[in-house]
Amino acid sequence: MDLYEHQARQLFQDHGIPVPRAEVTRSPKEAREIARRLGGRAVVKAQVKTGGRGKAGGVRLVADPAAAELTARQMLGTAINGHRVRTLMLAEPVDIAEEFYVSYVLDRAAGGFLAIACAQGGVDIEEVAAHHPQAVARIPVDRAEGVTSAKAGEIASAAGLPPRTVDVLVRLWQVLVAEDALLVEVNPLVRTAQGHVLALDGKVTLDDNARFRQARWGDEDTEQRDPLETEAAARGLHYVKLDGEVGIIGNGAGLVMSTLDVVAGCGARPADFLDIGGGASAEVMADALSVVLADPAVRSVLVNVFGGITACDTVADGILAAVDRVRPTKPLVVRLDGNNAARGRAILDARAHPLVEQAATMDGAARRAAELAHTA
C-alpha cells in the first residue's frame, strides 16, 4: 500500500525526521490562506501516487497567496501520468544547498533489507543511477541488528553524505520497522543554506500483510484512492492502476508481475496490475474487463492465464461471456496455458471474435499487445 507524500511526511515527522512546514487542501481558496500562513511564498505539490511530478508540472513554486490560489485552480482536476489530482500540499520553501537520496527497501532476493543512498538526489536520481551507478551506495542491512548510529555512519560514508545525515538514517529505519513498511524513501533529503537537514519529499510503501497489527491504518488506504482502484476493490479484485497503455489481467500475483515485466521488455507500459486469483468465471472476467477498459489510457488488453484449479476451457467461456457483456472496443490478446489449454483455445477459435486474438506464449502475447497498443 503506497502512501501519498503528505502521509509519508507525517510519518517522518512522527519519528523525529525534520520536514518543512506544510498543509494539505482540496480548495484553491484555502490554498491562498495556507500560503499566507506559510509566509506568502510556497511550493504547491500535487498529491498523486506516481513519480515525475516535477517534470510534469505537479510541483510549482509560487510567489504569493494569490499565485497559490491560481496555481491550485490550475492543478486540481488535472492528471499526472494518468493520476487525477484531487489534493494539494503547500509547503514552506527551503533554501537548498545540497540534495541527497536515501532509502531502505525490501530485498526479496537476499531475504533482507537494502540501504540505498546517493549524494546526488533530486528529480534526476534515475539518470544518476543509470549512467553513474558507482555514485549510488547499496548497503545490506541485517534485519536483527537494524540501523544503529554506526551502521548509519557506514551508509553515509559509502554514499558521500555529510555526518549530519546519520541521525536521519537511523530514524528512517525506525519508520520502516515501526510502521511495517516495505519501502521508505526520502528524495530529496537536503542540506539547507543554514546547515539544517530536512526531508523535502518522501515515499512509503506499507506491508498490507501487517494490517492486523497496525490498528490506525485505514485512511491511508482509502484517501484519494483512484476511482478505478475503489471500484475494483468493491468487486473483490486485486487491482493497482499504473501509468501505461496495456491492460493486464492474469491469475496469480507472480504471473501478473512476470507479465508486467515482459510487456515492459517489449517497449510498452503496463496500465495496471490485476490479479483475478484462482477463479475466472464469466462474472469475474466481466468485472476485470470492465475495470481495465474503464481506464482511458488503455489501448490493448493482455489476458494471461495459467490453468490450474480453474481449467482453461472455463476461462475461455468466461472471457467470451465477459466480452458479450462488456462489449469492449479495444483489442484483447489472450494466452492460455495449463489445464485444458487446448480446449480453451479451441473455444476462442470457434467464436472468432474480431477483437480477441490468441498467442501461444507469454512473450508472443506481450509483443502482440504492445504492437496493438502502439497502433491503436
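1. Which residue of strand 12 does Val-184 stand opposite? The partner is Val-204. This is a predicted model, and the points below should be read as such.

2. The strands around that pair come next. Strand 10 covers residues 181-192 and runs antiparallel to strand 12. Five bridges join the two strands. Strand 12 itself spans residues 202-206. Four of its five residues are buried, so the rest of the structure largely encloses this strand.

3. Now helix 3, residues 65-75. Its buried residues are Ala-68, Glu-69, Thr-71, Ala-72 and Met-75. Viewed down the helix axis, they fall within an arc of 165°, so they line one face of helix 3. Note that Glu-69 is on the buried list.

4. What packs over those residues? The cover of the buried residues of helix 3 includes helix 2 (28-37) and strand 2 (42-46). Strand 3 (59-62) and strand 6 (88-91) are also among the covering elements.

5. The two ends of helix 3 deserve a look. At the N-terminal end, Asp-64 acts as the cap. One of its side-chain oxygens lies 3.2 Å from the backbone nitrogen of Ala-66. Just after the helix comes Gly-77, with a positive phi of about 90°.

6. How many aromatic pairs does the structure hold? There are two. Tyr-104 and Trp-173 form an edge-to-face pair. Their ring centres are 5.4 Å apart, with 80° between the planes. This pair links distant parts of the chain: Tyr-104 sits in strand 7 (residues 96-107) and Trp-173 in helix 6 (residues 166-178), 69 residues apart.

7. Is Tyr-104 buried or exposed? Tyr-104 has 0% relative accessibility, so it counts as buried. Trp-173 is at 8% and therefore counts as buried too. The cut-off for buried is under 20%.

8. Trp-173 also pairs edge-to-face with Phe-113. Here the distance is 5.7 Å centre to centre, and the planes are 90° apart. Again the link is between distant parts of the chain, with Phe-113 in strand 8 (residues 112-118) and Trp-173 in helix 6, 60 residues apart. Phe-113 counts as buried because its relative accessibility is 13%.

9. Taken together, ring pairs join Tyr-104, Phe-113 and Trp-173 into a cluster. Trp-173 takes part in the pair with Tyr-104 and in the pair with Phe-113. The cluster is a good place to start when viewing strand 7 and helix 6 alongside strand 8.

Definitions and conventions:
Residues numbered from 1 in each chain as written. Predicted model: local features only at pLDDT ≥ 70, side-chain atom pairs only at ≥ 80, totals over all residues. Heavy atoms only, no water. Buried < 20%, exposed > 50% of the residue type's maximum accessible area, 1.4 Å probe, protein only. Arc of directions from axis to C-beta. Contact = heavy atoms within 4.5 Å. Polar contact = N/O pair within 3.5 Å; in protein donor to acceptor, adjacent residues only side chain to side chain. Phe/Tyr/Trp six-rings, centres within 6.5 Å; stacked < 30°, edge-to-face > 60°. Pairing = 2+ DSSP bridges.
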